[in-house]
Amino acid sequence: MAVTVKTFASASEAAGALSSDRSARYLGGGTLVMRALNEGDVSISTVVRAQDQALTRIDASGPRITLGAGVTFARILAERDLAFLHAPARSIGGPAVRNMGTVGGNLFAPTPYGDFTVAMLALDATVAVQGGFGARDIPIEEFLQARDRQAGTLVLSVSCTRPAGTEAFRYRKIARIKPKGGSVITLAAHLPISGGRIAGARIALGSMAPTQIRARAAERALEGRSLDAPTIAAAASAATEATSPSDNALGSAWYRREIVGVHLRRLLSGQE
């Protein structure tokens with residue numbers, strides 16, 4: 001089956017092409033689309049590309065940072081102002097994948113991938129998209145819940161607020177092959193502190209459900225409390241609530257449920 005490649009000068013034109021053709025897929029870094037094509041995915045008849053420089057723009061000058069959907073993980077690692085995102089960016093594949101893989105594409109990466117999206121979920125990111133209903137901003141949690149229905153929508157950028165202090169944001173990926181392997185589990189925590197107590201806790205998990213999810217029970221255990229041993233233990237005990245991991249070659253659902261609390265305790269305690 002022949003595949004048509006269409007290249008547009010602007011993101012809006014590319015978004016229009018995606019909206020009008022349900023068999024079209026956007027090609028950013030290619031780590032997902034090219035794999036699907038190489039594996040014989042006959043549902044893709046058109047590949048859409050855009051040369052819009054806005055898609056590769058980074059704005060990290062203020063408290064709110066914006067990453068164009070086409071920004072690669074290698075570029076994030078080269079930006080000193082994005083040091084808080086270096087750990088999740090570094091956990092994505094090997095050098096070749098980081099040179100090609102993009103922030104926007106990672107939003108669509110299936111389990112056991114999509115680790116950078118776990119970090120963005122913990123940071124309460126907003127996803128800017130353009131599609132049949134025009135351009136709009138969507139909270140990342142809402143975007144992920146409807147991810148399988150996002151065909152025809154082009155991601156423009158992802159933005160989040162820079163965490164205050166080096167301890168406010170924490171990230172950990174558990175993999176069989178480091179650093180480039182698929183995730184057994186991925187964890188990220190944003191723990192703003194006000195008056196010595198946690199205010200606005202967000203815990204995100206990868207490979208614990210069909211998409212990245214928040215560990216809301218663990219968040220409730222942390223909220224309004226000091227980050228001490230009893231609080232951490234309570235959050236770790238609640239980590240499996242509302243999760244639905246699956247079995248795959250990297251680990252069983254049972255194993256994931258057994259270890260997620262252990263690794264959340266280590267993450268919150270600052271242990272390696």
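Start by selecting glycine 16: at a relative accessible area of 35%, this residue counts as partly exposed, because that value falls between the 20% cut-off for buried and the 50% cut-off for exposed. Keep in mind that you're looking at a predicted model.

Now colour residues 11–20, which make up helix α1, and you'll see that glycine 16 sits within that helix. Add glycine 134 to the selection and draw a C-alpha to C-alpha distance. The two glycines are 118 residues apart in sequence, yet 9.4 Å separates them in space.

Next stop: helix α7, residues 115–122. How many of its eight residues are buried? Eight of the eight, so the helix is mostly covered, with buried meaning under 20% relative accessible area. Show the side chains and click along the run: Asp115, Phe116, Thr117 and Val118 come up, then Ala119, Met120, Leu121 and Ala122, each of them buried. Step just past the end of α7 to aspartate 124 and check its backbone: phi is positive there, at about 55°.

Last, head for the second largest pocket, which holds about 460 Å³ of space. Its lining has 17 residues, and to find the centre you can select Ala87, Tyr171, Arg172, Lys173 and Glu272, the closest ones to it. Which element gives the most to this lining? That's β9, with six residues. Colour β9 (169–175) together with α4 (86–90) and α11 (253–269), since each supplies at least two lining residues. Finally, colour the lining by residue class: you should get eight charged, six nonpolar and three polar residues.

Terms used
Residues are numbered from 1 along each chain as its sequence is written. This is a predicted model: local features need pLDDT of at least 70, side-chain atom pairs count only at pLDDT 80 or more; totals for chains, interfaces and linings use all residues. Side-chain values use heavy atoms; hydrogens and water are left out. Helices (H or I, at least four residues) and strands (E, at least two) are DSSP runs, numbered from the N terminus. Buried means under 20% relative accessible area, exposed over 50%, partly exposed in between (1.4 Å probe, protein chains only). On a 1 Å grid over the protein atoms alone, a cavity is a set of points where a 1.4 Å probe fits but cannot get out, and a pocket is an open set with protein on both sides within 12 Å along at least five of seven lines; lining residues have an atom within 4 Å of a point. Grid points are joined across faces, edges and corners, and a volume is the space filled by probe spheres set on the points. Ala, Val, Leu, Ile, Met, Phe, Trp, Tyr, Cys and Pro count as nonpolar, Asp, Glu, Lys and Arg as charged, and the others, Gly among them, as polar.
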